[in-house]
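Colleague: Could you take me through this structure by question and answer, with the cut-offs stated as they come up?

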2 protein chains.
Amino acid sequence: MEYSKEIERILKRKKIEVGNRIRVIRGKEVFEGLLMPRIELGDKSTLILKLDNGYNIGIKFDKKTKIEKIGRGKKPGKIPSLKLKGKRKESISFIATGGTIGTHVDYLTGGVYMCRKPEEILATVPELEEVVSIKRALRPFTLASEDMTPKEWKKLAKIVARELNSDVKGVIITHGTDTLHFTSAALSFMLRNLNKPVALVGAQRSPDRGSFDGRINLLCGAHFAKSQIAEVCIIMHSSINDDCCFAIRGTKVRKMHTSRRDAFKPINDLPLAKIWSDGKIEILNENFRERNDSKVVADTKFEEKVALIKAYPGSNPEIIDWFVKKGYRGIVIEGTGLGHVPTSTLRKEDSWIPHIKKAIDKGMVIAITSQCLYGRVHPYVYRNLRILSSSGAIFCEDMLPEVAYIKLGWVLGHTKNKEKVKEMMLKNYAGEISERII
Amino acid sequence: MEYSKEIERILKRKKIEVGNRIRVIRGKEVFEGLLMPRIELGDKSTLILKLDNGYNIGIKFDKKTKIEKIGRGKKPGKIPSLKLKGKRKESISFIATGGTIGTHVDYLTGGVYMCRKPEEILATVPELEEVVSIKRALRPFTLASEDMTPKEWKKLAKIVARELNSDVKGVIITHGTDTLHFTSAALSFMLRNLNKPVALVGAQRSPDRGSFDGRINLLCGAHFAKSQIAEVCIIMHSSINDDCCFAIRGTKVRKMHTSRRDAFKPINDLPLAKIWSDGKIEILNENFRERNDSKVVADTKFEEKVALIKAYPGSNPEIIDWFVKKGYRGIVIEGTGLGHVPTSTLRKEDSWIPHIKKAIDKGMVIAITSQCLYGRVHPYVYRNLRILSSSGAIFCEDMLPEVAYIKLGWVLGHTKNKEKVKEMMLKNYAGEISERII
């Protein structure tokens, strides 16, 4: 991947190579950083510079742009790798799936690279082997968080179940953060008779940055994996202080910030525990499943023809007809407030109700959640809610929309019977429904 | 609307009428409350009872159910109405649009009723006339929050502009809470050259309940309407204490709880002010537009063919093709994390990228926001983001998905030119984009 001929000519003349530290001057603006290779689809005449804060920027190169070399920069070197000892400490299984925590900056390919072997991830946090001994390090696939699908959830659930039924104390999974809470919910439903802790760990900053959070997250994840809490939890920073993490139940958690290290927040639940990197664990919520001797079953039956859509002012209810036509079996609607959809007193054609009724008549399951995220939907407070409820839509209590989506896929994987679907949707399988407090 | 013949017979025998206080005994369960009339679509043999906590419940009536009358309950009476004096204090215009704040419990029709005249709403908070004098009370339409559409936003903007250009100090609008933040964003874009405060006020609890929050919200809204802050703001409880409110910028606010009185939270911004019901105002964010002498313009051109959709694991990208086919002009995508959509390394058919490219080629505008809600999208940190960005999708900085949706409709109402749309989407019109802090 080369820059434009003009740029390549100047780079050659100034003896600047990719990876070198350079200064770019453009009028009054001055940028310093490492020269990155051009990205595949980018503009050939835009220089890519990695700034000291870790971000890459593109600088349009024209006649007014000046470049000078100010240092050699970093060169792509051999990636360190940790030899697994597998003894001494309590042993766990370590599963690497991809994501920022498993990245390294490759100055040849540019930006952030994502195919570290588990041993390479472990090498960024060598102290980990003082907390646990890694019995097995596995890499079922290497995917960015955004590329995960139900197929990967199933694969992962099977591997985790196998590991939990072996002689390890628990499992750590490293994973991208974007859809970490989708995977945590999927594993929560798919891993039946859970016996040991499953720690899902990610990082919001890559290991090449001073603010890398994966170290503390991994150490706390290792302490969690040895704990008495037999739940699928996300273990990530509890605040922006780099000292401790929350263990948040896999069905009651959501990524609530694009970049902060404490992006994961419990929704409608307390975190189960606060965990310090030195091993101290403070239980914040006594309502959890204890470590036990069950044999875990990977119950991965899943109907992929489910969707998650949003109802909002001006939204087009015909989208529901489209999903029916496409053979979908279930839709989770993110309604407004207590679970409303537009009923459109003034213009009947805008109302969602006839479309929902028609879909339900054709055997589709419609489940209602709230785009408020916090709080609980309610089928009775207002007249429009009663109308929606009496159409046969299932009001999903205080479940998160994402969790209801995954649960509906899982439930429809087990039964197509309308009554049974409703019964299962409203049954608490993995802490996804909190008890009502009136 | 009558109950089943069996129930009606028993009610008649026991001289129980709708509105009476009754006790219902069903095995070990005992319920007390006011008997409500049967709802339109409900089961005829389910009794509707309004509990003392304000919620209605349905109790299946069968042979084991016993009913007894324990009091007369409340009877529908005349709704009090406040005579407008329109003098003494600084005057404002008061616009009632519907929602919980404008409800009364009608024991004849059951549950919550929503067609109070402005004078009736004002009668629930008579102290309001000690803060401001209501020059004009208007009711352009009476709609539940969930039934608002862009057509109502336009209508409302025109009325508000007219009022702001008259001799009042400011405007108060009462509105349902579910989509209050959609309306606040729409008014923020549509009211150009804003000169005076516009207070959007709602209530999470109806006036018949002890926990009614509309009183404090209205009083604080009135103080805001007299203030120096010429911004469209939502004025709602700042905490569950019933003492003061936040004034939150109309483009940086979201309903974040289904039922709490402090449901509205600022996202990626500080509240502009904290307002006490006695009139004290504490400025929390100096970055606001001051009261001025401009003439407000209602710039209501709006393209309704825009949509808001979510990208998530297992999502079907063909939904984009459907919107293209339906003649849509723009889609706002709630991506994951920094603005990702599935790129699907493993299964190409799951990738959103080709569908986004095709839509953009056909003249569709695709805008990217984050379902994290908090934080900012970024087109460069990861390779997949760069691919998405180079397809022509517009990354909407730290705009909320709902706000980007409304802004895109407003922008496309003004231009179809691709470059101009991008320029307008990334220009800060109403505080919707916060300055980047790196």
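The exchange below goes from the chain contacts to the interior, the strands and two loop residues.

Modeller: This is a predicted model, in which local features need pLDDT of at least 70 and side-chain atom pairs count only at pLDDT 80 or more, while totals for chains, interfaces and linings use all residues. Residues are numbered from 1 along each chain as its sequence is written, and chains are lettered from A and ligands numbered from 1 in the order in which they are written.

Colleague: Which element gives the largest share of the side of chain A that touches chain B?

Modeller: Contact here requires C-beta atoms, placed from the backbone, within 7 Å, and 66 residues of chain A are in contact with 66 residues of chain B. Helices (H or I, at least four residues) and strands (E, at least two) are DSSP runs numbered from the N terminus, and those giving two or more residues to this side of chain A are β4 (56-60), β20 (306-310) and α9 (383-390) of chain A. The largest share, five residues, comes from α9(A).

Colleague: Which residues have the most contacts inside the largest nonpolar core?

Modeller: A residue is buried if 20 or more other C-beta atoms, placed from the backbone, lie within 10 Å of its own, exposed if 12 or fewer, and partly exposed in between; a nonpolar core is a set of buried Ala, Val, Leu, Ile, Met, Phe, Trp, Tyr and Cys residues joined through C-beta atoms within 7 Å. Beyond its neighbours within four places in sequence, B:Ile235 is in contact with residues including B:Leu200, B:Phe224 and B:Ile275. The largest core has 239 residues, and those with the most contacts inside it are A:Ile235 and B:Ile235.

Colleague: How many residues of α10(B) are buried?

Modeller: Helix α10 of chain B covers residues 401-412, and at 1.5 Å times one less than its number of residues the expected span is 16 Å, which agrees with end C-alpha atoms that are 16 Å apart. Its buried residues pack against elements of chain B including α4 (150-164), α5 (180-190) and α11 (418-425). The helix is largely enclosed by the rest of the structure, because the buried residues number twelve of the twelve.

Colleague: Which residue of β9(A) stands opposite A:Ser91?

Modeller: Strands pair if DSSP finds at least two bridges between them, and β6(A) pairs with β9 (residues 133-138) of chain A in the parallel sense over five bridges. Both faces of β6(A) are covered, with A:Ser91, A:Ser93 and A:Ile95 buried on one side and A:Ile92, A:Phe94 and A:Ala96 buried on the other. Opposite A:Ser91 in β9(A) stands A:Ser133.

Colleague: Which strands stand at the edges of the four-stranded open sheet of chain B?

Modeller: The order in this sheet is β20-β21-β22-β23 (chain B), with parallel pairing, and two bridges join β22(B) to β23(B). Each edge strand has a single partner, so one side of each is left without a neighbour in the sheet; the two are β20 and β23 (394-395) of chain B.

Colleague: Is A:Glu397 buried or exposed?

Modeller: Phi of A:Glu397 is near 50°, a positive value in a residue other than glycine, and A:Glu397 lies in the loop between β23 (394-395) and α10 (401-412) of chain A. A:Asn193 also has a positive phi, near 55°, and is partly exposed, with 16 other C-beta atoms within 10 Å. With 20 C-beta neighbours inside 10 Å, A:Glu397 counts as buried.

Key:
Contact = placed C-beta atoms within 7 Å.
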